[in-house]
Amino acid sequence: VFVAEEDNHRISVFQTNGQFSHIIGKGRLGNPCDVTVTTNDQLLVADLNHHCIYTFTLDGNYVSKFATRGPDRGQLSYPSSLTTDLYGFILVAEVGNDRVSIFNKDGKFVHCFGSEDGKFNPYGIAYSPTGNIYVSDNGNKRVQIF
């Protein structure tokens, strides 16, 4: 079990029985606010204040990071949540850019959707086995299904 500890700037890892195992990202992460495990067993971390996605091995070794801060396509602004789909694409909810950005498994930008007028404020994101994308639209107090 992976727990993003935003205020402690780390990911805590626990065994399925609840026993603490180890820490990931201490000294590297700014404000990790969400984690997901990819189909090739890598841990992705959305870092809210570093405006990027970090990749680690499951035992905590740093692999890479992608994205920089900004409003342009492929850049992130306050990524608050992330998930992957069945094809390995990485979907990132961005509070600062009012959109969801999609990257391939290597962190290359593919597409984004949302609004530039603040009428869509994604905070959380999940992908269902049936192919639906669920986005918690924080500013509008609703969940949208795509």
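# A walk from salt bridges to cores

Start by selecting Asp137 and Arg142: they form a salt bridge, with 2.8 Å between the closest N and O atoms. By salt bridge I mean a side-chain nitrogen of Lys or Arg within 4 Å of a carboxyl oxygen of Asp or Glu. Before you go on, note that this is a predicted model, where local features need pLDDT of at least 70, side-chain atom pairs count only at pLDDT 80 or more, and totals for chains, interfaces and linings use all residues. Residues are numbered from 1 along each chain as its sequence is written, and side-chain values use heavy atoms, with hydrogens and water left out.

**Stop 1: the rest of the salt bridges**

Colour your pair by accessibility. Asp137 is buried at a relative accessible area of 1%, while Arg142 comes out partly exposed at 39%. The cut-offs here are under 20% relative accessible area for buried, over 50% for exposed and partly exposed in between, with a 1.4 Å probe and protein chains only.

How many salt bridges does the structure hold? There are 3. For another one, pick Glu94 and Arg99, whose closest N and O atoms are 2.7 Å apart. Glu94 counts as buried because its relative accessibility is 0%, and Arg99 is buried too, at 8%. Then jump to Arg10 and Glu5, a salt bridge with its closest N and O atoms 3.1 Å apart. Arg10 is partly exposed at 21%, whereas Glu5 is buried at 17%.

**Stop 2: two loops with a positive phi**

Right beside Arg10 in sequence, select His9, in the loop between β1 (2–5) and β2 (10–14). Strands here are DSSP E runs of at least two residues, and helices are H or I runs of at least four, numbered from the N terminus. His9 isn't a glycine, yet its phi is positive, about 60°. It is partly exposed, with a relative accessible area of 35%.

Now select Lys141, in the loop between β13 (133–137) and β14. Here is another non-glycine with a positive phi, this time about 50°. Is Lys141 buried or exposed? At 77% relative accessible area, Lys141 is exposed.

**Stop 3: a nonpolar patch**

Stay with β14 (residues 142–145) and click on Ile145, which lies in that strand. Ile145 counts as exposed because its relative accessibility is 53%. Add Tyr134 and Val143 to the selection, and with Ile145 you have a nonpolar surface patch of about 280 Å². Patch members have over 30% relative accessible area and no salt bridge; like charges are joined within 9 Å, and nonpolar side chains (Val, Leu, Ile, Met, Phe, Trp, Tyr) within 5 Å. The areas come from the Shrake-Rupley method with a 1.4 Å probe, and for residues only the protein chains shown count as cover.

**Stop 4: the cores**

Head inside. Select Cys33, Leu44, Ala46, Leu48, Ile53, Phe66, Leu76, Leu82, Ile90, Val92 and Phe103: these 11 residues make up the largest nonpolar core. Such a core is a set of buried Ala, Val, Leu, Ile, Met, Phe, Trp, Tyr and Cys residues joined through side-chain atoms within 4.5 Å. Which elements give two or more residues to this core? They are β5 (42–47) and β9 (90–94). There is also a second, separate core of 10 residues, including Ile24, Leu29, Cys52 and Tyr54.

Centre on Leu44 and show its surroundings. Beyond its neighbours within four places in sequence, Leu44 has contacts (heavy atoms within 4.5 Å) that include Val35, Ile53, Tyr54, Leu82 and Ile90.

**Stop 5: the cysteines**

Next up is Cys52, in strand β6 (residues 52–57) and buried at 1% relative accessibility. Leaving out residues up to four places away in sequence, Cys52 touches, among others, Val45, Ala46, Phe66, Leu76 and Pro79. Measure across to Tyr78 as well: 26 residues separate it from Cys52 in sequence, but the C-alpha atoms are 8.2 Å apart.

How many disulfides does a search of the whole structure find? It finds 0, with a disulfide taken as a pair of cysteine sulfur atoms within 2.5 Å. From the sulfur of Cys33, the closest cysteine sulfur is in Cys52, 11 Å off and therefore too far for a bond. Cys112 is in no disulfide either, and its nearest cysteine sulfur, that of Cys52, is 18 Å away. Cys112 is buried, at 12% relative accessibility.

**Last stop: Asn31**

Finish on Asn31, in the loop between β3 (20–24) and β4 (32–37). Asn31 counts as buried because its relative accessibility is 13%. Not counting residues up to four places away in sequence, Asn31 touches Glu6, His9, Ala46, Asp47, Leu48 and Asn49.
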